[in-house]
Amino acid sequence: MAETAVAENGSGGDANVVRVDLGTRGYDIRIGRGLLASAGAEIAAVLPGARLAVVADETVARLHLKAFSQSLTAAGLDHRAITVPAGESTKCFREFERLCDEILAARLERGDAVVALGGGVVGDLTGFAASAVRRGMAFIQVPTTLLAQVDSSVGGKTGINSRHGKNLIGAFHQPVLVLADTAVLDTLAPRDFRSGYAEVAKYGLLGDAEFFAWLEDNWQAVFAGGPERDEAVARSCQAKAEVVAADELESGRRALLNLGHTFGHALEAAVSYETERLVHGEGVAIGMMLAHEFSERLGLTGEDTVLRVRRHLTDVGLPVRVRDIPGQLPPAETFLDIIAQDKKVSRGALTFILTRGIGEAFVEKGVDPALVADFLKEKLEA
């Protein structure tokens, strides 16, 4: 079970602390404004004397690397910065190989650590490199996007994309510490913040109706910043930490965290990960809408649930229909081919996360591909 507490951070403010309980491999997620300034002290407390490779994309390096580096220097931590290109295309074999070479060139040893300073792309790529170099190095997440703070930085999923689909090559490699400075979210573009919010809403939809209702009342304050934002991030992290602690390697319950992702990942692959057309959270938003509509089609949930989900996602500015994606999309058969490569497929049977209502998601195995094909064809032709 994850535990939430409030502790003093090094910058003098309060930080929410969520514990991911994995026994001797457990770790803290520290959440609050201004944590970047105290990051060096936080890391030194967990890994005293470690040398660090700090990986950031070009955008994050410009915005936050100087302050983060100063914090490390103040804590007496020797470090080397490694910059990678921004964007989903960075999660590829070429950048993975280059990053591994850079870490080795820095002469980091197995007892040293690799730090991901950035969003989900940097976290996934860096974590995968940390899992592989010297057969496994310590890994620290310092997520700088809302999506990364509430989702990809927690739980140990790392990896890169393949031409066959998203995140199909990777490893489970848990971090030793996660530092989520909610103040850095002030620098996000509105579209990127909305994208991350899709993952926040997901936690309410999959298993916490009370949290979803709270979001309906407080989403504007979450967007504006302040205590509501910290609370939304902390509650999201706590929800994920509890699931990860119960099912670390996604053999059962953890699959619930993929609500909206089976459809969403297929949409991303169908547009060749062109972020001008679709970013991850937008794919998840449309995917969650499709999951609820498909559940209604199967008689599992009612129209009132579908309308409520659509209303909230629309209110925050997220896309909710396939036709909201600009440009031409491939036929339904292509989507089924992509879905058939999904990591949740078991012995060829399609697995979807469906729902019986707000906060009542469940894993459904053996879904009839013909039903999915007809449903997708209808949505694509709408």
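This tour visits the two domains, the contact between them and three pairs of packed helices, in a predicted model.

**The two domains**

Begin by colouring residues 4-187 as domain 1 and residues 190-381 as domain 2, the two parts into which the protein chain is divided. Placing a marker at the C-alpha centre of domain 1 and another at that of domain 2 gives a separation of 25 Å.

Next, select the residues that form the contact between these domains: domain 1 contributes 34 residues and domain 2 contributes 32 residues. Between domain 1 and domain 2, about 2900 Å² of area is buried, and carbon and sulfur atoms give 62% of that area. On the domain 1 side, show L146, V150 and K166 as sticks; they supply 22% of the area that domain 1 buries against domain 2, more than any other three residues.

**Helices α1 and α2**

Two packed helices are described by the angle between their axes and the distance between the axes. Select residues 39-46 for helix α1 and residues 58-74 for helix α2; the two pack at an angle of about 50°, and their axes are 7 Å apart. Helices α1 and α2 are therefore oblique to each other, and the crossing in which α1 passes α2 is right-handed.

Now display the side chains where the helices meet. From α1, take A39, G40 and I43; these meet F68, S71 and L72 in α2. By class, the residues of this contact of α1 with α2 comprise four nonpolar, two polar and no charged.

**Helices α7 and α8**

Move on to helix α7, residues 209-224, and helix α8, residues 227-246. The axes of α7 and α8 come within 8 Å and cross at roughly 135°, an angle over 115 but not over 145, so the pair counts as oblique. Here α7 passes α8 in a left-handed crossing.

On α7, select E210, F211, W214, N218, A221, V222, F223 and A224; on α8, select their partners E228, R229, E231, A232, R235 and S236. Colouring the contact of α7 with α8 by class gives seven nonpolar, two polar and five charged residues.

**Helices α12 and α13**

The last selection joins residues 332-339, helix α12, with residues 369-381, helix α13. The α12 and α13 axes come within 9 Å, crossing at roughly 130°. Helices α12 and α13 are therefore oblique to each other, and their crossing is right-handed.

Which residues make the contact of α12 with α13? On α12 they are A332, F335, L336 and I339, and on α13 they are P369, V372, A373, L376, K377 and L380. Sorted by class, the contact of α12 with α13 has nine nonpolar residues, no polar residues and one charged residue.

Methods:
Residues are numbered from 1 along each chain as its sequence is written. This is a predicted model: local features need pLDDT of at least 70, side-chain atom pairs count only at pLDDT 80 or more; totals for chains, interfaces and linings use all residues. Side-chain values use heavy atoms; hydrogens and water are left out. Axes are lines fitted to C-alpha atoms, for helices over the stretch in contact, and angles run from 0 to 180 degrees between N-to-C directions. Helices (H or I, at least four residues) and strands (E, at least two) are DSSP runs, numbered from the N terminus. Angles under 35 degrees count as roughly parallel, over 145 as roughly antiparallel, 65 to 115 as roughly perpendicular and the rest as oblique. A crossing is left-handed if the near helix is turned anticlockwise from the far one by less than a right angle, and right-handed if clockwise. Contact means heavy atoms within 4.5 Å. Ala, Val, Leu, Ile, Met, Phe, Trp, Tyr, Cys and Pro count as nonpolar, Asp, Glu, Lys and Arg as charged, and the others, Gly among them, as polar. Domain bounds come from an automatic or database domain assignment. Buried area is the accessible area (1.4 Å probe) that two parts lose on being put together, summed over both.
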